[in-house]
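Work through the exercises below with the sequence and the model at hand. Each task is followed by a solution in steps.

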Amino acid sequence: MFVIPGQYGKDNCDGYSRRELLRVGGASLMGLSLPTLLKHEKVHAAEEARYGGVGYGKAKHVILVYLQGGPSHLDLWDPKPDVPDNVKSVFGPIDTKLPGVQFTELMPKLAQELDKTTLLRAVSYSPNGLFNHTAAIYQMMTGYTADKVSPSGQLEPPSPKDFPNWGCHVIKARPPEVPMLPFVMMPRPLQESNVIGKGGTAGFMGRAFDPYTLYPTGDDMDMSKMDRIRVDDLQLRPEVPQDRLARRASLRETVNASLDDLDKAVSKYALDEYYGKALSLVLSGQAREAFNLSAETDALRDKYGRNTFGQSCLLARRLIEAGTRVVQVNWPKVANSDNHSFDVHAGLSARMKNQSGPMLDAGLSSLIADLDDRGMLQDTLVLAIGEFGRSPKRGVSTSGNGNTDDGRDHWPYCYTGIMAGAGVKRGFVWGKSDQTASAPVENPVHPIELLATIYHSVGMNPRRMVYNHLNQPREMVNADAVTGILS
């Protein structure tokens, strides 16, 4: 099998592992000699060393606030006043901290924090089987389109062959500097109908880089589920003192030293990495304490919102503060459902006014303000985005779904997101939508360019090569960072 070597190994003085040398040994069959492959590797290494620029490496932590379901940009943060009634939002416009920039009345708190962020007015892509949630979510999470998409948008379940979630790339290249969970995903899995978790795993990268999933018990309408967080797997049983557990670890290492064949047989499961992470987390109370929301004042918890989304945003801040590298907060309601969901094909006016609007406004504004007040926004990158927006015209079908006059369908051609922190410009607007928020007229941004911006911000070349389950080279994402929003 032909594979261009990636990172240097440790088995040989020339830097390559035995396995890599075996792979390249047959390269001449494909017309490539070992010297040619080494030359390619040298060029690749030089490109890695050269990569950098504005905003590069400023983020130590990343929080993705993922607004699953596709929030309506016209009804939140891109209102258009001089348009026909079937386009205009039922919610009135309000001024924000930025002169000339308006939100709707649903976002009064976030409007006062906008001077700390960059508003992305023209996120856009043309769908290729991506008009439905699951396929669009997979693209947003991995940077790649899915292989199998049915007319309804459903996909095959998560597979070890999937492209990795963006956060898995980050923690592999930038593991935490303290004994802390590298990547936490909460409070529910990515989901549309019966497809659960697609785009939320490490895929072909291996289970050692999967996120720690915090999905408290209770259904999606249970707004107090974050009060019942259980992290029993991080608890040290009282009958096993720390020194005894440490001795067990030492004994395990001694036994394993004489079991080379067994270690080789299970090496692909990264058991040593699992064990090492688990041991350090159990011995350290830092991870367990980070989950203790009751340590926060009632006033701050109220500010975030006493609901699943608000308390998830607060917990994201606590985890980052404790040393977690990546947190992904998934909007706490499955796509393609009623109540609290952004997937508003019907009942938009009541649902956004009484449910999703206030939750988003309180949770996201408090997260940005809290990080800034604590000095954490300087090295924490925050992105809030959905998989697409909603159709400019109410009551029309753009994806095959039925829509009432008080509903909007899926719309990937133009929508809005927000970024803040870690070198992202403050009080800045990037991009512009047209008169009906239907299409970009300035600086369109593809969702995968946002992933590239995350990689860039944490000090990674977005086009770094990784190898899939077939040992085929693939770029982390086939896009470049949006450096125009960075400083």
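**Exercise 1.** Find the strand that pairs with S13 residue by residue at Val382, and give the bridge partner of Val382 in S13.

Solution. In S13, Val382 has Ala420 as its bridge partner. Val382 belongs to the pairing of strand S10 (residues 380-385) with S13, which is antiparallel and has 3 bridges. Strands here are DSSP E runs of at least two residues, helices are H or I runs of at least four, and both are numbered from the N terminus. Two strands count as paired if DSSP finds at least two bridges between them.

The model is predicted: local features need pLDDT of at least 70, side-chain atom pairs count only at pLDDT 80 or more, and totals for chains, interfaces and linings use all residues. Residues are numbered from 1 along each chain as its sequence is written, and side-chain values use heavy atoms, with hydrogens and water left out.

**Exercise 2.** Describe how S13 pairs with strand S4, and state which way the side chains of S13 point.

Solution. Strand S4 (residues 117-123) runs antiparallel to S13, and 5 bridges join them. Thr118 stands opposite Met419. In a regular strand, side chains alternate between the two faces of the sheet. In S13, Tyr415, Gly417 and Met419 point one way, and Thr416, Ile418 and Ala420 point the other way. Strand S13 (residues 415-420) has 6 of its 6 residues buried, where buried means under 20% relative accessible area, exposed over 50% and partly exposed in between (1.4 Å probe, protein chains only).

**Exercise 3.** What surrounds Val123?

Solution. Val123 lies in strand S4 and, at 0% relative accessibility, counts as buried. Leaving aside neighbours within four places in sequence, the residues in contact with Val123 include Ile385, Tyr415, Thr416, Gly417 and Val445; contact means heavy atoms within 4.5 Å. The C-alpha atoms of Val123 and Ser433 are separated by 9.1 Å, although these residues are 310 apart along the chain.

**Exercise 4.** Why is helix H4 described as largely enclosed, and where does helix H12 kink?

Solution. Helix H4 (residues 133-142) has 10 of its 10 residues buried, so it is largely enclosed by the rest of the structure. H4 is followed by Gly143, with a positive phi near 85 degrees. Helix H12 (residues 348-373) has a kink of about 40 degrees at Ser356, shortly before Pro358; the bend is the angle between axes fitted to the seven residues ending at a residue and the seven starting there. Of the 26 residues of H12, 19 are buried. Gly375, which follows H12, has a positive phi near 75 degrees.
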